[in-house]
Amino acid sequence: MGTPGASASEAQIELQGIERVFHLGDSVVHALAGIDLRIDAGEYIAVMGPSGSGKSTLLNVLGLLDRPDAGHYLLEGRDVTTLSPDEQARVRSQRIGFVFQSFHLVPRLTAAENIALPMVLAGLPSRERDERVRQALDGFGLTDRAEHRPDQLSGGQRQRVAIARATIMQPAMLLADEPTGNLDRATGDEVVRLLEQLNAGGVTLLVVTHDAALGARARRRLLMEDGAIRHDERQGATGHAHG
Amino acid sequence: MRTADLLGFAVGAARGNRVRTALLMLAMAIGVAAVVTLTALGDGARRYVVREFSAIGSNLVIVLPGRTETGGINPGSFVSSTPRDLTVDDALALLRAPAVQRVAPLAVGTSELSVGGRLREGMVVGSTAEFIEVRQFKMAQGQFLPREDWNRGSQVMVIGAKLRAELFPNEPALGQFVRVGDRRFRVIGVLASTGSGLGMNTDELAIVPVSLAQAMFNTNTLFRILVEARNREAIEPAKQQVTQIIQQRHDGEQDVTVITQDAMLATFDKLLGTLTMGVAGIAAISLAVAGILVMNVMLVSVAQRRSEIGLLKALGASGSTIRAAFLVEAALLSAAGALFGYALGLAGAAVIRALYPTFPAYPPDWAVLAGLGTALFTGVLFGVLPARNAARLDPVTALARR
């Protein structure tokens, strides 16, 4: 299918009838059952719902880590479901930043090296890398932790390194899967404020969370259940789910 | 990903798991060390034999009784029975050949040598005054056999250095008598120590006139006739003339084998060169085994690093980047292991040389290159499958495993 004719201005993300089916033994699980979703640039979205409702699968599909079994995913007007794995890797590299619950830092690399990793993989020259890493360390208050390895950092510092890494390629959107799940309340709040600052700077922020308090901070909330979006509400007002 | 970054990443990954890295390098090192040390042994044997042959004299043509089908030498040259014997007269006749400088007949047997109460089994060689010149021996004391009629020798003997030390430990040997069977020989000379040559340890020889040796061993045949050609160019003509003369004397039948030192050298060179290749082949098997170990270890590594691979993909690494990273790591580890093994092999060869100073155990260049090359090749070859597995890993499932 081509670009959606219905939308007045072009959406950053447009999901059309996305399905994702897992086969567990004999049973078939519809992790995503016909998701239609439109996200504009700069939105702040919390995806909520019980375990197994398909939140993480949605995040993986949005992040091009997982391929839908049916439907179309238009990212900035381009159908990315049909791209080759290497082209998808390039899109991940340039447009998408991930923040994980368990940080996923490479244990043998220092904080600075972890932050530089996406640029290394993208083949950026080391002078440019060093400059950007220095700015990122400065911006995230990690300058004195640059040469520390992850096991020498606190949880909050680790997540800050992970966020610095996720944003170092200046992506269009940040996908965060339970970013505060492994942190105490105070550190978690700090991390959330950091993410919100980035969102204020124009980056689309999508947070998957169990935490109602965290979800309440988002301007738009998606409530998922059994692989479908049950509620799509914006800033207090309840809207209607697309699917 | 840039090449320098790729290398740095691979080195980092290798250093991240030291046990795995050490194991892999050790496997490669043992393989390469085996190739280097074993070929050093094989090639050392080749050089040793070549050197020994060169030591038995120059421009040498050797006449053996018996005929081997194709010429050259084979193991049969040393054991074949004789259809028509070589005699002292045959040897004398060879002096007529224009290309021949000297001729020394050789009759060999073992006998008991005794001096006073001391008894020793020894190799007795019957020859003539020319023997010392043909074989280029040096005298330590006294003189060699006198020039005299080949068919009527005097009862004199020249002994090797070791024999002298054993038979006459505390007294001068010259002028003393040695008993061989029922004969007594006066010692007139002692050979300078030379070590072994052509399978005989000259330090243990007792040399007597050829006619007496034949009488003692109750035979009129010769073991060999050593012919010295006038110069290097005369070796081939000498060989032909010798063959012709013996053929005439033996009723037109070619029943002797005439070999030149060059031919012998070439044969042994080839034989031992083949042996070295064979040994290298066996050692190369250990390299293949090391390659399989590389594959195994890298596969385990891919399994252990699933979440890291998933993360790299999430951060935008393409399949080819992941594949390159794992291949470079396998190649780096193999190369480092191979270099380590090369050093180990050189040390092994040095130990062999230290233990056996006469044995020139140096690994040949081709073996070193082949060993290092095979190590790298197998390392990369067996690194392909794990690297492909890593590249194909689904990022979602890879990330979920933690």
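Biologist: Which residue in strand 7 of chain B stands opposite Met157(B)?

Modeller: Val187(B) does. Keep in mind that this is a predicted model. As for the general idea, strands of a sheet pair through backbone hydrogen bonds, either parallel or antiparallel.

Biologist: So do strand 5 and strand 7 of chain B run parallel or antiparallel?

Modeller: Parallel, with four bridges joining strand 5 to strand 7, residues 183-191. Strand 5 of chain B is also joined to strand 10, residues 205-209, by two bridges, and that pair is antiparallel. There, Val158(B) has Ile207(B) as its bridge partner in strand 10 of chain B.

Biologist: Are the faces of strand 5 of chain B covered or open?

Modeller: Both are covered. Val156(B) and Val158(B) sit on one side, Met157(B) and Ile159(B) on the other, and all of them are buried.

Biologist: Let's try a glycine. Where is Gly189(B) found, by the way?

Modeller: In strand 7 of chain B.

Biologist: And why does Gly189(B) count as buried?

Modeller: You count neighbours. The cut-off is 20 or more other C-beta atoms within 10 Å. Gly189(B) has 21 C-beta neighbours inside 10 Å, so it counts as buried.

Biologist: Which residues does Gly189(B) touch, not counting those up to four places away in sequence?

Modeller: Met139(B), Gln141(B), Gly142(B), Gln143(B), Phe144(B) and Val158(B). You can also compare sequence with space: Gly189(B) and Val156(B) are 33 residues apart in sequence, with 9.0 Å from C-alpha to C-alpha.

Biologist: How does that look for chain B as a whole?

Modeller: Take the contacts in chain B with a separation of 6 or more: 82% of them join residues 24 or more positions apart. Buried residues make up 44% of the chain's 402 residues, and chain B has 13 helices and 12 strands.

Biologist: How many residues does the largest nonpolar core have?

Modeller: It has 128 residues, and Val47(A), Val32(B) and Val35(B) have the most contacts inside it. Helix 2 of chain B, residues 18-55, gives the largest share of this core, 13 residues. Apart from that core lies another one, of 57 residues, with Leu86(B), Leu106(B), Ala206(B) and Ile225(B) among them.

Biologist: What is Val35(B) in contact with, if I leave aside its neighbours within four places in sequence?

Modeller: Ala280(B), Ala283(B), Ala284(B), Leu287(B), Gly345(B), Ala367(B) and Gly371(B).

Biologist: Over to chain A. What is the order of strands in its open sheet of four strands?

Modeller: The order is 2-1-4-5, with antiparallel pairing. Strand 1 (residues 13-24) and strand 2 of chain A pair over nine bridges, and Leu24(A) has Ser27(A) as its bridge partner in strand 2.

Biologist: Which strands stand at the edges?

Modeller: Strand 2 (27-39) and strand 5 (78-79) of chain A. Each has a single partner strand, so one side of each is left without a neighbour in the sheet. Helix 1 of chain A, residues 55-62, lies across strand 1, strand 2 and strand 4, at about 60 degrees to strand 2.

Biologist: Last one: how many residues does each chain bring to the contact between chain A and chain B?

Modeller: In general, the size of an interface is often given as the accessible area lost when the parts come together. Here we can list residues: 22 from chain A and 21 from chain B. On the chain A side, helix 2 (85-95) and helix 3 (111-122) each supply at least two, and helix 2 of chain A gives the largest share, six residues. That side of chain A divides into 11 nonpolar, six polar and five charged residues.

Conventions
Residues numbered from 1 in each chain as written. Chains lettered and ligands numbered in written order. Predicted model: local features only at pLDDT ≥ 70, side-chain atom pairs only at ≥ 80, totals over all residues. Buried ≥ 20, exposed ≤ 12 C-beta atoms within 10 Å, placed from the backbone. Pairing = 2+ DSSP bridges. Core = buried A, V, L, I, M, F, W, Y, C linked by C-beta atoms within 7 Å. Contact = placed C-beta atoms within 7 Å. Axes fitted to C-alpha atoms, helices over the stretch in contact; angles between N-to-C directions. Nonpolar A, V, L, I, M, F, W, Y, C, P; charged D, E, K, R; others polar.
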